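Work through the following exercises with the sequence and the structure open beside you. Try each task on your own before you read its solution.

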Amino acid sequence: MPAQDLTLDALDGRPLAATLHAPDGPVRAAVVVLGALGVPRRYYRPFAAWLADRGVAVLTFDYRGCGESRTVPLRDDPATLLDWARLDAAAAIDLARARFGDVWAVCHSFGGQALGLTPRGLDLAGAVVSGSANGDLSLYPPALRATYRLRLGLLPAIVAMFGYVPGRLGVGEDLPAGVLQQWSAWCRTPDYARGALGREATHHHRIEAPLHFIDIADDTLAPARPCAGLRAWFTRAKVTHRVVEPAELGLRRVGHFGLFRPGPTELIWTEILTRVTGDPIARPASAGAPSSSAVHL
């Protein structure tokens, strides 16, 4: 069946753009994609269509102020990262669970942080997390730390000039100022969001479902030490972890964003498929033929 665009109401009633990629046949599993900062849901379309062709229903959505979820001018949008997690991601999880029952999350970058910033993370059957790190700058290599400090230091001037943060400055999509201001504050705080909010105001340590972390060896935005720092928050979860080297996919580079691009990375998509379905044998519903979702998207 073609992908279905829909409007998802956040927990505060704000409308969000979303897309449901549903299989033609029986639903083997369901997934909600918790995306990266500044990355619209269309980026995950090939991945979602690929899963749908193999029997997995996938819900993607745009956080408020990003992609097609811009319902107010960016300069007037009060959105924050916490809103993305507690109001937007929470509503997406609720909708997926209402339709499909047990639901997994596939989390990319900020999505892995959001997993425990909302209590809805406790309702998931499990999650696959990639490119997600503890943003505490003290965990980053010195050169990268210095680069981030420089960029964050320029943020007040950028906000004063534009009233929002233009994507061309390296944040993907144009974003509301409050999103980057909160991210900046967390990055400067020991233990990042958990340090800024307090451990008991977050839920990472309460999640007990299976979590599979996939780190990319050449991901400079989520290096090994910050990624380990995030995994350490999930003290009760059944955590598995592996590092993907670009060479094992026949690639020279994968980086922070390459995993969700079609091509050789579909080998890792198969790994994700087996995690969410529990089935070690992954065969497309119509082998070799593109799904109707892929055709119409």
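Helices (H or I, at least four residues) and strands (E, at least two) are DSSP runs, numbered from the N terminus. The model is predicted, so local features need pLDDT of at least 70 and side-chain atom pairs count only at pLDDT 80 or more, while totals for chains, interfaces and linings use all residues. Residues are numbered from 1 along each chain as its sequence is written, and side-chain values use heavy atoms, with hydrogens and water left out.

**Exercise 1. The chain as a whole**

Task: State how many helices and strands the chain has, and explain why the chain can be called as compact as a globular protein of that length.

Solution: Begin with the secondary structure, which comes to 9 helices and 10 strands. Next, take the radius of gyration, which is computed over C-alpha atoms and set beside a globule rule of 2.2 Å times the number of residues to the power 0.38. For 297 residues the rule gives 19 Å, and the chain has 18 Å, which is close to that value, so the chain is as compact as a globular protein of that length. The spans of the C-alpha trace along its principal axes, about 55 × 40 × 35 Å, complete this step.

Then turn to burial, where buried means under 20% relative accessible area, exposed over 50%, and partly exposed in between (1.4 Å probe, protein chains only). By this definition 56% of the 297 residues are buried. Finally, consider contacts, meaning heavy atoms within 4.5 Å: among those between residues at least 6 apart in sequence, 73% join residues at least 24 apart.

**Exercise 2. The nonpolar cores**

Task: Find which residues have the most contacts inside the largest nonpolar core, and say which helix gives the largest share of this core.

Solution: A nonpolar core is a set of buried Ala, Val, Leu, Ile, Met, Phe, Trp, Tyr and Cys residues joined through side-chain atoms within 4.5 Å. The largest one has 65 residues, and V32, W84 and L115 have the most contacts inside it. Its largest share, 10 residues, comes from helix α2 (residues 81-100). Another core, of 28 residues, lies apart from it and includes V33, Y43, V58 and V276.

As a last step, look at V32 itself: with residues up to four places away in sequence not counted, V32 touches L59, F61, A92, I93, V103, W104, A105, V106 and L124.

**Exercise 3. Two helices and their packing**

Task: Decide which residues of helix α5 are buried, and what the buried residues of α5 and of α7 pack against.

Solution: Helix α5 covers residues 177-187, and 9 of its 11 residues are buried, so α5 is largely enclosed by the rest of the structure. The buried ones are A177, G178, V179, L180, Q182, W183, S184, W186 and C187, and they pack against α2, α4 (142-162), β7 (164-165), β8 (175-176) and α6 (192-197).

For helix α7 (residues 224-231), the buried residues are P226, C227, G229, L230 and R231, which pack against α3 (110-114), β9 (210-216) and β10 (238-244).

**Exercise 4. Positive phi angles**

Task: Say where D191 lies, and whether Y192 is buried or exposed.

Solution: Start from the general expectation that most residues other than glycine have a negative phi. D191, which is not a glycine, has a positive phi of about 70°; D191 lies in the loop between α5 and α6, and its relative accessibility of 24% makes it partly exposed. Y192 likewise has a positive phi, near 55°, but Y192 is found in helix α6 and is buried, at 1% relative accessibility.

**Exercise 5. Buried residues and their partners**

Task: For R41, V128 and A222, give the place of each in the chain and list the contacts of each.

Solution: R41 sits in the loop between β3 (29-34) and α1 (45-52), and with a relative accessible area of 8% R41 is buried. Beyond its neighbours within four places in sequence, R41 is in contact with D5, A17, A18, T19, T60, F61, D62 and E68.

V128 belongs to strand β6 (residues 126-130) and is buried at 2% relative accessibility. V128 and W104 are 24 residues apart in sequence, yet 7.8 Å apart in space, C-alpha to C-alpha. With residues up to four places away left out, V128 touches W104, A105, V106, C107, H212, I214, I272 and R275.

A222 is in the loop between β9 and α7 and is buried, with a relative accessible area of 3%. A222 and H256 are 34 residues apart in sequence and 7.1 Å apart in space, C-alpha to C-alpha. Neighbours within four places aside, A222 is in contact with G131, S132, A133, C227 and H256.
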